[in-house]
Each structure stands twice: as C-alpha cells, then as structure tokens.
Amino acid sequence: MNSQQRIAGFGLAIFAAITWGVSGTFGQFLFSQRGINPGWLVTLRLLVAGSILLMIALFRGLDLWKIWSNKRDTLLLLAFSVLGMVAVQYTYFEAIHKSNAATATVLQYMGPVFIAIYMAFKQRRLPNFIEFVAIILALSGTFLLVTHGKFGSLAISTEGLLWGIASAVALAIYSLLPVGLMNRYEVTTVIGWAMFVGGVIFSCVFAPWKVSGTWDSQSFAYTGFILLLGSLAAFYAFLKAVTIVGAQTSSLLACAEPLSSTVMAIFWLNTPFGKIDMLGSFMIMLTIGVLALFGRKN
C-alpha cells in the first residue's frame, strides 16, 4: 500500500465518521421532536440507499448477479445483510432513541474492543497486555459514561445502555464480516445488495409504507441527509477504507464520529454532557488509539 492509497483510506474513514455523527444527531431530532420510528427510518434508509448503489453498479457495467452464483458467498452476504448492515443501523438508532446521540455514538465505539476480543478467541490465545489495557479503559469509560461514577445508579436508561452495547457488537461484526466478500467483489455490489436485502427483510418488521411522525421541511431535509450522505455515501466510504487500511485503523479514524455527534448534540440540541461524560468518552476513544497504534497487527 503506497502513501497515496493510505491517505485515501484515511480520508474515506474520516468522511464516513463525520457524516455518521451528523446523521445520529439528526436522528435524535427526528425521534424526539418529530416522533419518527427508528425501525421505520432504518428500513427506508436501507431500501433507498441499497437501490441507488445497485443502480450505480449496473450503470458501471458490473455483474450484479455474480455474488449469488457462489453458495458460500450468498450465505455470507445474507449474514452480513442481517447481522452486519441491519444490526449496526438499528441498534445504533435505538440507542439514540433510548438515550441521546452523543452517548449512543460513544458506546458504539467500544466496537474495536470486541474486534480485539474476537481476534484473540479466533487465534486461541488470551488478550495480550495492550488488549487487556484497552478492555479495562473501555469498561472504565463506559462505567463513567453511564453512571457518572456512582455505583448502583444509571445516568441513562437500562435500555439505552443495552442498545449501546449491542451497537458496539454490531459494529465489530459489520467491520469484520464482509472483508472476504469485498476482496472478491466490487464494494458497490456488496454494500448495495447488503443494504437492499437487509431492507427487504426488515420490511417484514417495520413496513416502509407505514409512515410515522410529523413531517415538515426539517423532517424531510434531515431524513434526506440520513438516507443519502449518512447511509449511501458513509457506509460505502467506511467499508472501502477497511479494505485499504484495515478494520482497527478505520475504527481509530472514525473517532471523528462521536466528536461531531457530541458537539452537535450539545450546541444544537442542548443535550446535557458534563465533565464525567467527557472523561468516560475520552477513555473509550483512547481504547481505539491504543489498539490501532500499539495492538497486535492482524
């Protein structure tokens, strides 16, 4: 990998992170002030972005059906659609719905810790010293973020905490599961099918034609941003970055997401976020730096 490719990978990951962060804050506004259902928004997001990506792939002359000709790849794509694409979006939006965009985004970024734990398990070894430090930092940061340092009480709802942890697990799966597919097929095809198939499956749970909430110019504008930039562009950019610089490095660069989400939530939505919250968030973000800079290269 040359320096130009590395810079491109860095830029793609940072772009994805910032647009995700803005999307999360827009989502909080839509859920709390416009009454829009998170599950409905995820279904629409997947169907719209997936359809557009597949049309782009078709326009570029790519073979859309090649991935379905291999049984193993078909099963992997279906698994990625549900366990990766649907899961990472739905758990994240539900975490926002049950807490707030800043807290949900920070909790999701425990994902690299789960990646490190998985790699240790896969390689049949105990976590090394660096991974152990990262785990302790992540757990300590999460404790401060969700309890404000007080044992026996939560600063956010139990549901918000559980959805946040679930989104971190989903992020790890999302980062690891499709790497093989994207080494064999065009990223546009993989992401397009994963989004579209995930949206079709999720339509059985949250029908896209059952529109909820109050709609005005802001609702349409923020939903449009989430559907196009926060989904179509950002998910493609992040997974492309993973193929260039790797899952852990991409996760490190994606620290721009909680930063952008927190700044917008505090100054735009007036979300309470005190010194203890910032310390906990910093500790969780630090785990990503520790793993990416000093951890085992997988």
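In the predicted model, tryptophan 215 is partly exposed, with a relative accessible area of 26%. This value lies between the limits of 20% for buried and 50% for exposed residues. A search of the whole structure finds 20 aromatic pairs. In one of them, the rings of tyrosine 90 and phenylalanine 202 have centres 5.2 Å apart and planes at 70°, and the pair is therefore edge-to-face. Because tyrosine 90 belongs to helix H3 and phenylalanine 202 to helix H9 (residues 187-202), this pair ties together parts that are 112 residues apart in sequence. Both partners are buried: the relative accessibility of tyrosine 90 is 16%, and that of phenylalanine 202 is 10%. Tryptophan 215 forms an aromatic pair with phenylalanine 220, and here the geometry is tilted, with 5.0 Å from centre to centre and 45° between the planes. Phenylalanine 220 is exposed, with a relative accessible area of 56%. Elsewhere, ring pairs join Phe26, Phe29, Tyr222, Phe225 and Trp268 into a cluster.

The overall fold is helical. The secondary structure of the protein chain amounts to 13 helices and 0 strands. The radius of gyration is 18 Å, close to the 19 Å given by the globule rule for 298 residues, so the chain is as compact as a globular protein of that length. Along the principal axes, the C-alpha trace spans about 55 × 50 × 35 Å. Of the 298 residues, 55% count as buried. Among contacts with a separation of 6 or more, 87% are accounted for by residues 24 or more positions apart.

In soluble globular proteins, nonpolar side chains tend to be buried together. The largest nonpolar core of the present model has 88 residues, and Met85 and Ile191 are those with the most contacts inside it. Helix H3 gives the most to this core, contributing 12 residues. Outside its sequence neighbours up to four places away, isoleucine 191 touches Leu53, Phe80, Met85, Met182 and Leu239. Met85 is thus a contact of isoleucine 191 as well as one of the two residues with the most contacts in the core.

Helix H3 (residues 71-98) also holds serine 81. This serine is buried, with a relative accessible area of 0%. A polar atom of the serine 81 side chain lies 2.8 Å from the backbone oxygen of leucine 77. The backbone oxygen of alanine 194 lies 3.5 Å from a polar atom of that side chain. When residues up to four places away in sequence are not counted, serine 81 touches Val86, Trp193, Ala194, Val197 and Gly198. Alanine 194 therefore appears both as a polar partner and in the contact list of serine 81, contact being defined by heavy atoms within 4.5 Å.

Further buried positions occur in other helices. Alanine 17, in helix H1 (residues 3-33), counts as buried at 0% relative accessibility. Leaving aside neighbours within four places in sequence, alanine 17 is in contact with Leu253, Ala254, Ala256, Glu257 and Ser260. Alanine 17 and histidine 97 are separated by 80 residues in sequence and by 20 Å in space, C-alpha to C-alpha. Valine 242 is located in helix H10 (residues 217-245) and counts as buried at 6% relative accessibility. Its C-alpha lies 21 Å from that of leucine 227, a residue 15 positions away in sequence.

Helix H7 (residues 158-176) comprises 19 residues and reaches 28 Å from its first C-alpha to its last, close to the 27 Å expected at 1.5 Å a residue. Its buried residues are Gly160, Leu161, Gly164, Ser167, Ala168, Ala170, Leu171, Ala172, Tyr174 and Ser175. An α-helix has 3.6 residues a turn, so residues three or four places apart point the same way. Buried positions of H7 including Gly160, Gly164, Ser167 and Leu171 can be read against that periodicity.

A loop residue provides a contrasting case. Arginine 124 is placed between helix H5 (111-122) and helix H6 (129-147) and counts as exposed at 79% relative accessibility. Most residues other than glycine have a negative phi. The phi of arginine 124, however, is near 55°, a positive value in a residue other than glycine.

Terms used. Residues are numbered from 1 along each chain as its sequence is written. Side-chain values use heavy atoms; hydrogens and water are left out. Helices (H or I, at least four residues) and strands (E, at least two) are DSSP runs, numbered from the N terminus. Buried means under 20% relative accessible area, exposed over 50%, partly exposed in between (1.4 Å probe, protein chains only). A polar contact is a pair of N or O atoms within 3.5 Å; within protein, one must be able to donate a hydrogen and the other to accept it, and residues adjacent in sequence count only if both atoms are side-chain atoms. A nonpolar core is a set of buried Ala, Val, Leu, Ile, Met, Phe, Trp, Tyr and Cys residues joined through side-chain atoms within 4.5 Å. The expected span of a helix is 1.5 Å times one less than its number of residues. Rings of Phe, Tyr and Trp (its six-membered ring) pair if their centres lie within 6.5 Å; planes under 30 degrees apart count as stacked, over 60 as edge-to-face and the rest as tilted. The radius of gyration is taken over C-alpha atoms; the globule rule is 2.2 Å times the number of residues to the power 0.38.
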